[in-house]
Amino acid sequence: MIQEFGAEHAFDNHFESHEAGEKDHLLHFTAAGCLARVTHVGGTDADAGDSGEVVELPRLADYPRRPARVTYLFSLGDQRFFLALDDRVSAPAGFAYESVSWLRHAEPQHLLFAAATASQLDRWYRDNRFCGRCGAPTELGPLSREIVCPECAKIVYPKICPGTICAVVRLADDPADDAIVLTRYAGRTTALWALVAGFTEIGEPLEDTVRREVREEVGLSVKNLRFYKSQPWSFTDTLMVGFWCEVDGDATITVDRSELKEARWFRRNEIPLERTNDRASLTGEMIERFRTMGRAAWE
């Protein structure tokens, strides 16, 4: 998955008030995406899963003029990452703004994780320039990753939205006939097959999110929920929590057409191979585990 890479790039999100050096990565975002230099470019559709792109992220030394507002983000091994909060910067030669969602298919993986995580923090900083309680301009906390209102003392921490990924399976007497529900979202030109997923609502345990989302999207009841693993998915400010579960009772799918284009049961040998090289997502990992391992994927 996107956050899984070698120990030489160990993620350290401990906040300190560092000063950026010439060799440190300095990221900048606009509505168009993240400043990056991409080579060996394939297709431009993020859903297409094209491979072969190599990405570079700018360092402070690359900028013709140092941005005015810079804050420390995190480190990956011995590489430190900072964020330029200026609305505009003098872009380094050879760099352009690239869609972060599209970049998730490029290499090296640790830089893709850095760009995605930095984009989440950039949105948070920009969305909280003014206090939501009194309207006063806010300030960055000097000793921790927080935004503080100097007028009313309100503190805001980074936004994280919990959500679930639900692998709904149907077990048969013959394991070769075990099946999984795959869905495709509506309104996308190219949509890969995926698992049922959704955000957790107010007052709702994660297990109830699974039951509700499965019922709403495909009209099924489920039982025997098993936690698999979690994943930070910074593209949507989400912490995704993966569950395996079994259909309970009638296995007839009723598709929510407002959200999904289609949904159906797939036996292991029927699952499309489009997720085979998906290194980024929890969805892709769980689909591939079921395709290659069957019920051993969670037992």
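**View 1. Glu288 is buried, with a relative accessible area of 13%, and forms a salt bridge with Arg291.** Welcome to the first close-up of this predicted model. The closest N and O atoms of Arg291 and Glu288 are 2.7 Å apart. Both residues sit in helix α4 (residues 282–293), and because they are 3 residues apart there, about one helical turn separates them. Their surroundings are worth a look too: Arg291 is partly exposed at a relative accessible area of 22%, whereas Glu288 falls under the 20% limit and so counts as buried.

**View 2. Arg126 and Asp87 are joined by a salt bridge.** Here the closest N and O atoms lie 3.3 Å apart. The pair links distant parts of the chain, with the two positions 39 residues apart in numbering: Arg126 belongs to helix α2 (residues 109–127), while Asp87 lies in the loop between β7 and β8 (96–98). Arg126 counts as partly exposed because its relative accessibility is 22%. Asp87 is also partly exposed, at 47%. If you widen the view a little, you will find that Asp87 and Arg126 belong to a network of salt bridges that also includes Asp122 and Arg129. For the whole model, the count comes to 22 salt bridges.

**View 3. Arg264 and Glu270 form a salt bridge whose closest N and O atoms are 4.0 Å apart.** That separation is right at the cut-off, since a salt bridge here needs the nitrogen within 4 Å of the carboxyl oxygen. Arg264 is partly exposed, with 37% relative accessibility. Its partner Glu270 is partly exposed as well, at 30%.

**View 4. Thr71 is a buried residue of strand β6.** The strand covers residues 70–76. With 7% relative accessibility, Thr71 counts as buried. Which residues does Thr71 contact once its neighbours within four places in sequence are set aside? They are Phe15, Phe82, Leu83, Leu85, Tyr125 and Leu140. One of these contacts, Leu83, lies 12 residues away along the chain, yet the C-alpha atoms of Thr71 and Leu83 are separated by 5.4 Å. A general point may help when following the strand by eye: in a regular strand, side chains alternate between the two faces of the sheet.

**View 5. Strand β7 pairs with β6 and with β2.** The rest of the structure largely encloses β7 (residues 79–84), because 5 of its 6 residues are buried. Its pairing with β6 is antiparallel and extends over 6 bridges. Within that pairing, Tyr72 stands opposite Phe82 in β7. The hairpin of β6 and β7 has 2 residues between the strands, and Gly77 there takes a positive phi near 65 degrees. Strand β2 (residues 25–27) runs parallel to β7, with 3 bridges joining them. Leu27 has Leu83 as its bridge partner in β7, and Leu83 is also among the contacts of Thr71 from the previous view.

**View 6. Strand β16 is mostly covered and pairs with both β12 and β15.** Of the 10 residues in β16 (residues 238–247), 9 are buried. Which way does β12 run relative to β16, parallel or antiparallel? Strand β12 (residues 161–170) pairs with β16 in the parallel sense, over 9 bridges. Ile165 finds its bridge partner in Gly242 of β16. In contrast, β15 (residues 222–233) and β16 run antiparallel and are joined by 8 bridges. Lys223 stands opposite Glu246 in β16. Between β15 and β16 the hairpin has 4 residues, and Asp237 takes a positive phi near 60 degrees.

**View 7. Confidence is low over residues 44–50.** The mean pLDDT of the protein chain is 93, and 95% of its residues reach 70 or more. Over residues 44–50, however, the pLDDT is below 50. Beyond near neighbours in sequence, this stretch still has 17 contacts in the model. A friendly caution before you use such a region: where pLDDT is low, the predicted coordinates should not be read in detail.

Key: Residues numbered from 1 in each chain as written. Predicted model: local features only at pLDDT ≥ 70, side-chain atom pairs only at ≥ 80, totals over all residues. Heavy atoms only, no water. Buried < 20%, exposed > 50% of the residue type's maximum accessible area, 1.4 Å probe, protein only. Contact = heavy atoms within 4.5 Å. Pairing = 2+ DSSP bridges. pLDDT = per-residue confidence, 0-100. Salt bridge = Lys/Arg side-chain N within 4 Å of Asp/Glu carboxyl O.
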